Amino acid sequence: MSEESNSITGEEIAPPTDESSEDTAGTLVVARDLLPDAILIFPFYDRPMFPKMMGPIIIDNPQIQKIIFEAQEQSRPMYLGLLLVKPSEDTFQHAPERAEDFFSVGVVARIIRISAPTQDTPMQILVQALERFDVGEITFGPSFITARVHYWLEKRIENSEEIKAYSVAIIDCIKELVVLNPLFKEGLSLLIERINVSDPSALADFAASMTTSTGSELQQILEIADVRNRIEKVLVLLKKEVEISKLKAQISKRIEEQLSKQQREFFLKQQLQEIKKELGLSKDDTESEIEKFQKRLKNLTLTEEATERIEEELEKLKLLGTSSAEFNVTRAYLDWLTVLPWGIYTKDSYDIDKAAKILDHDHFGLEDVKDRILELISVGIIKGNLSGSIILLTGPPGVGKTSIGQSIARSLGREYYRFSLGGMRDEAEIKGHRRTYIGALPGKFIQAIKTCKTSNPLIMLDEVDKIGASFQGDPASALLEVLDPEQNQNFLDHYLDVRFDLSKVLFICTANQMETIPRPLLDRMEIIQLPGYIQAEKIEIARRHIIPKQLKLHGLSAKQVVIPKPVLGTIADGYAREAGVRSLENCIKKILRKAAKEIVSDKAKIVKIRKEDLPDLLGKRYFTEDNAFKKARVGVITGLAYTSLGGATLHIESIPIPTGQPGFKQTGQLGQVMIESSEIAYSYVRSFLKDNTEAMDFFKKNFIHLHVPAGATPKDGPSAGITMACSLYSLAMGKAMIGETAMTGELTLSGLVMPIGGVKEKIIAATRAKIKQVILPKENQDDFDLLPSHIREGIAAHFVSTFKDVLKICFP
């Protein structure tokens, strides 16, 4: 092996080609080192190999393995061409498929040792790189790659003073690297053993291979034929390597210093703790924790069950070591047990006048809610406490359900805690996780009690109608125990595993609609409906609450921006007709932002908003007058509907299609109940007009199409029965209904008008739409009479029991 190395490094090797045969006629060449013109190409993906270097290669190609074994059996030398593949932009390097995928210069290597493959390991060979070559023609076979190559004729050069200086500089850099990074020590040993340091070409190649430079940078060194240029480039790479190693050494030193400092502080603290223990000045972790828990217990009034459990856990904690996993679990459990306000209550405020002032100051309108809260306080004055009260506030978004909870807490002088039940799917959110789970915590109610530091806070449960259910349990069912006054005095949380009294808590729930609340849960609540606001109420709310609040948030004063009442009315009518006031608030915020921009330009400017400015400030009106439906037309009737967003007007229109045969269809995204109502209306009107020859001929010869506009909005419910029947009657008789009239009521096949829900919301919708008279079922007269006078004002109500009564009003 050493003889081979010496012959390779000490002799000039000429490639056996026709072009060079004359030049090499007088040169002695070792027979086994006659290099073939065509060789197998083995692709390298990371970094190239340099001449006179040795290294292992794994061969997993069966065809190449076969060729190597055949050469071994015939005792002939085997050569491989080692070519670097050009780096790809992809994350994963793909196998080369074209000649352009390779760099143009590589090295030829002789196989000097073969390790046969086993069942677990592929073939591994040890190769020694000999000479550089230029790639000629590359051939891609089905199993391997071959190429015709032209070998470089590298002659030994004389060591000039400059070359010697470069060589010494390279050796000095390598020595410096060995000092900075011990990993280079092995490379230096190989340099001394295998490389003639007086050969600048070999020295440059070996020094380049020692660096951590990229494959492309090393390939540039490999492709430099001039030794002087090559050794200069290698010196640059080594200098960069030295700088990187110095930086790495600095980072390592800094980290070691930090670690040493931390270790020193740790040992000193441990020694100080032991000294304090010996002198009786300090306690260990267990004693200090137990002392902390016992100190908390002095101010609590525990139940008998809680007292027994805490004493049991304290005894367990004394026996556990601080390094035990059970120690932390027990400590966390005791922390929760002792931090809860057992027997601690805030004193309720029973001043009705003060409560009324707070409620009136915070909210305009909402008289039903205010009266109910004042009734609650009155009961508390007589009874002595406010327990067992669960109130459900239901209504459209933006009517003040959530914000009124804070006002109630202020009026009662109670702590306030709010959390949303919307989307909750896990029963453990309500009743807690069992302590056997890692990271277990009590449920939301126990967490609320801990946060409020009192056993009688006001807890607001938002979006109770949006609770989910999953394989993890049904939170709505878990709420039954919490919200039942007969059960919640012994509420058992899975984590605490000790009963806690929630009967003194005042629960207020909010919902947009009651249909999705489970019936057993709904039965435990007292329902207060917040139907929404009429335009006059919205203007007052904006003037008293929204504008002052937003002026403060925008850093403006009431003198700088003025929004008159008529402008607020136009905003409420044209841009914010929904039941709540959120859209109105958004419009006011938009106006104030634009006003702030003007004030920044001219600080002395006073911005007064006019009606004419609204299109520029807010854009096109969202809501326009339904003039097309206000005009009396045959087959077009206005109805009243109730949705989760409040009341709305609903226009129903019918047209005849002369087909010579009867038929009926309905469109407008109607639900199943509404489709059945339309069919009942069609059947009833045909039956009602059976004695009218002209009407019967009309139905026999025409296909009737009934449509409810706003076809993108789903609609359902039975209350449009008389509206659809009126539309069909108007069509059959060719008469238009009197204008500015709207109606609602369920129709039966016998012509009776059944009662409906949402009377308040529907009347508010009629007021917003400037309807003059409404038709309601007779059984809803009490609902209408109970409405506040300002809602009923300007509306003439007619109450009907049968469809004939409807016709007398609509078609006099």
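Ser583 touches Tyr575, Ala576 and Glu578, leaving aside residues up to four places away in sequence. Keep in mind that this is a predicted model. Ser583 sits in helix H20, which covers residues 582-601. Below is a quick tour of that spot, then the salt bridges, two surface patches and a few loop residues.

**Around Ser583**

- How exposed is Ser583? Its relative accessible area is 28%, so Ser583 counts as partly exposed.
- Ser583 also pairs up in space with a residue from another stretch of sequence: Gly398 is 185 residues away along the chain, yet the two C-alpha atoms are 8.4 Å apart.

**Salt bridges**

- How many salt bridges are there? The count comes to 33, and three of them get a look here, starting with one in helix H7.
- Arg228 and Glu232 join through their side chains in a salt bridge, with 2.5 Å from N to O.
- Why are Arg228 and Glu232 separated by about one helical turn? Because they are four residues apart in helix H7.
- Both ends of that bridge are partly exposed: Arg228 has a relative accessible area of 29%, and Glu232 has 31%.
- Lys370 and Asp360 make another salt bridge, at 3.0 Å from N to O. This pair links distant parts of the chain, 10 residues apart, with Lys370 in helix H12 (residues 367-383) and Asp360 in helix H11 (residues 352-362).
- Is Lys370 buried or exposed? With 5% relative accessibility, Lys370 counts as buried, since the cut-off for that is under 20%.
- Its partner Asp360 is a partly exposed residue, at 45% relative accessibility.
- Glu540 and Arg544 form a salt bridge too, and their closest N and O atoms are 3.2 Å apart.
- Helix H18 (residues 535-553) holds both Glu540 and Arg544; they are four residues apart there, so about one helical turn separates them.
- Glu540 is buried, with a relative accessible area of 12%, while Arg544 is partly exposed, with 45%. Which residues belong to the network? Glu540, Arg543, Arg544 and Lys565 are joined into one network by salt bridges that share partners.

**Surface patches**

- On the charged side of things, Glu304, Glu308, Glu311 and Glu312 form a negative surface patch.
- Where does Glu311 lie? You'll find Glu311 in helix H9, made of residues 304-319.
- Glu311 has 48% relative accessibility, so it counts as partly exposed. That value also fits the patch rule, because patch residues need over 30% relative accessible area.
- There's a nonpolar patch as well: Leu247, Ile251, Ile255 and Leu259 make a surface patch of about 350 Å².
- Ile251, one of the residues in that nonpolar patch, belongs to helix H7, which spans residues 227-279.
- At a relative accessible area of 38%, Ile251 is partly exposed. Ile251 clears the patch cut-off too, because that asks for over 30%.

**Loop residues worth a look**

- Tyr45 is in the loop between strand S1 (38-44) and strand S2 (54-59).
- Tyr45 is partly exposed, with a relative accessible area of 40%.
- How are Tyr45 and Ser88 placed, and what separates their C-alpha atoms? They are 43 residues apart along the chain, and the C-alpha atoms are separated by 9.8 Å.
- Lys52 is another residue in the loop between S1 and S2. Its phi is near 70 degrees, which is a positive value in a residue other than glycine.
- Is Lys52 buried or exposed? Lys52 is buried, with a relative accessible area of 13%.
- Ser75 has a positive phi as well, near 55 degrees, and it too is a residue other than glycine.
- Look for Ser75 in the loop between helix H2 (62-73) and strand S3 (79-84).
- Ser75 is exposed, with a relative accessible area of 67%. That label follows because exposed means over 50%.

How values were computed
Residues are numbered from 1 along each chain as its sequence is written. This is a predicted model: local features need pLDDT of at least 70, side-chain atom pairs count only at pLDDT 80 or more; totals for chains, interfaces and linings use all residues. Side-chain values use heavy atoms; hydrogens and water are left out. Patches are made of residues with over 30% relative accessible area and no salt bridge: like charges are joined within 9 Å, nonpolar side chains (Val, Leu, Ile, Met, Phe, Trp, Tyr) within 5 Å. Accessible areas come from the Shrake-Rupley method with a 1.4 Å probe; for residues, only the protein chains shown count as cover. A salt bridge is a side-chain nitrogen of Lys or Arg within 4 Å of a carboxyl oxygen of Asp or Glu. Lys and Arg count as positive and Asp and Glu as negative; His and the chain ends are not counted. The place of a charge is taken as NZ of Lys, CZ of Arg, CG of Asp or CD of Glu. Helices (H or I, at least four residues) and strands (E, at least two) are DSSP runs, numbered from the N terminus. Buried means under 20% relative accessible area, exposed over 50%, partly exposed in between (1.4 Å probe, protein chains only). Contact means heavy atoms within 4.5 Å.
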